[in-house]
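Okay, everyone, thanks for making time. I'd like to walk you through one model today, so let me put it up on the screen.

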Amino acid sequence: MNKNVSNASTGAVDSTNVEENGRPVESDVKYFTLEEIKEHNMSNDTWIVIHDKVYDITRFLEEHPGGEEVLLEQAGGDATESFEDVGHSTDAREMLQQYLVGEVHMEDRSKDSAKKEPQTSPKETSSWTSWLIPALIATIVGIICRYYMSDRSS
């Protein structure tokens, strides 16, 4: 059984797990809504989300090899795609842990995931391209061959 307890000082939502014997066990994980994360978008207070984990990277801005500008562009939002596109090293991924402050609240994860994943199946998108592109290539090759052969016979 999980309960969410709001922390008035940070705005975070703490998770409290209740064991079967009824004793509460505090979890160290803090949950933040996307609205709370969006507020941390300045150079003196910079948070980003990568794979639903929230990182306070304010102290890392000046150390970032790619410059602080690229981090500030993602500040207060989900930087997962940008982080993965760059292809960060294992060391960079391990370094993230020291800046971890919490996770995206469960309700916001589903909203965010629904936006990112289009609801089209691969069959719908590739069914016509699987035959059209080869047919076009064959037609073009045929026209070129016919033109070339007719030039040779003249």
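I'll start with the overall layout and then go through a few spots residue by residue.

One thing up front: this is a predicted model. The protein has 154 residues, and 24% of them are buried. In terms of secondary structure, we've got seven helices and seven strands. If you read along the sequence, the order goes β-β-β-α-β-β-β-α-α-α-β-α-α-α. For the contact-map people: take the contacts between residues at least 6 apart in sequence, and 52% of those join residues at least 24 apart. As for the surface, the protein exposes about 11200 Å², with carbon and sulfur atoms supplying 55% of that area.

Okay, first spot: glutamate 36. You'll find glutamate 36 in helix H1, which covers residues 34-38. So what about a salt bridge for this buried residue? Glutamate 36 has none, and the nearest side chain of opposite charge, lysine 30, sits 11 Å away. What the glutamate 36 side chain does have is a polar atom 2.8 Å from the backbone nitrogen of threonine 33.

Now keep that stretch of chain in view and look across to aspartate 108. Aspartate 108 belongs to helix H5, residues 106-116. Is aspartate 108 buried or exposed? It's buried, because its relative accessibility is 8% and the cut-off for buried is under 20%. Its side chain reaches the backbone nitrogen of leucine 34, and the distance there is 2.6 Å. If you skip the neighbours within four places in sequence, the residues in contact with aspartate 108 are Phe32, Thr33 and Leu34. So threonine 33 turns up twice: its backbone nitrogen is the one by the glutamate 36 side chain, and it is also in contact with aspartate 108.

Next, the backbone torsion people will like this one. Go to the loop between strand S5, 45-50, and strand S6, 53-56, and you'll find histidine 51. Histidine 51 isn't a glycine, yet it has a positive phi of about 50 degrees. It counts as partly exposed, because its relative accessibility is 46%.

Aspartate 52 is in the loop between S5 and S6 too. Again, not a glycine, and again a positive phi, here about 65 degrees. Aspartate 52 has a relative accessible area of 23%, so it goes down as partly exposed. What does aspartate 52 contact, leaving aside neighbours within four places in sequence? Those would be Glu103, Val104 and Arg109. And if you want a C-alpha distance, aspartate 52 and tyrosine 31 are separated by 9.9 Å, with their positions 21 residues apart along the chain.

Last stop, back out to the surface. Ile133, Ile137 and Val141 form a nonpolar patch there, and together they have about 270 Å² of accessible area. Isoleucine 133 is part of helix H7, residues 129-153. With a relative accessibility of 46%, isoleucine 133 is classed as partly exposed.

So, to leave you with a few pictures: a buried glutamate 36 without a salt bridge, a buried aspartate 108 whose side chain reaches the leucine 34 backbone nitrogen, and a nonpolar surface patch of Ile133, Ile137 and Val141. That's it from me, thanks.

Technical notes:
Residues numbered from 1 in each chain as written. Predicted model: local features only at pLDDT ≥ 70, side-chain atom pairs only at ≥ 80, totals over all residues. Heavy atoms only, no water. Helix = DSSP H or I, 4+ residues; strand = E, 2+ residues; numbered from the N terminus. Buried < 20%, exposed > 50% of the residue type's maximum accessible area, 1.4 Å probe, protein only. Lys, Arg positive; Asp, Glu negative; His and termini not counted. Salt bridge = Lys/Arg side-chain N within 4 Å of Asp/Glu carboxyl O. Polar contact = N/O pair within 3.5 Å; in protein donor to acceptor, adjacent residues only side chain to side chain. Patch = residues over 30% accessible without salt bridge, like charges linked within 9 Å, V, L, I, M, F, W, Y side chains within 5 Å. Areas by Shrake-Rupley, 256 points an atom, 1.4 Å probe, with all protein chains shown as cover. Contact = heavy atoms within 4.5 Å.
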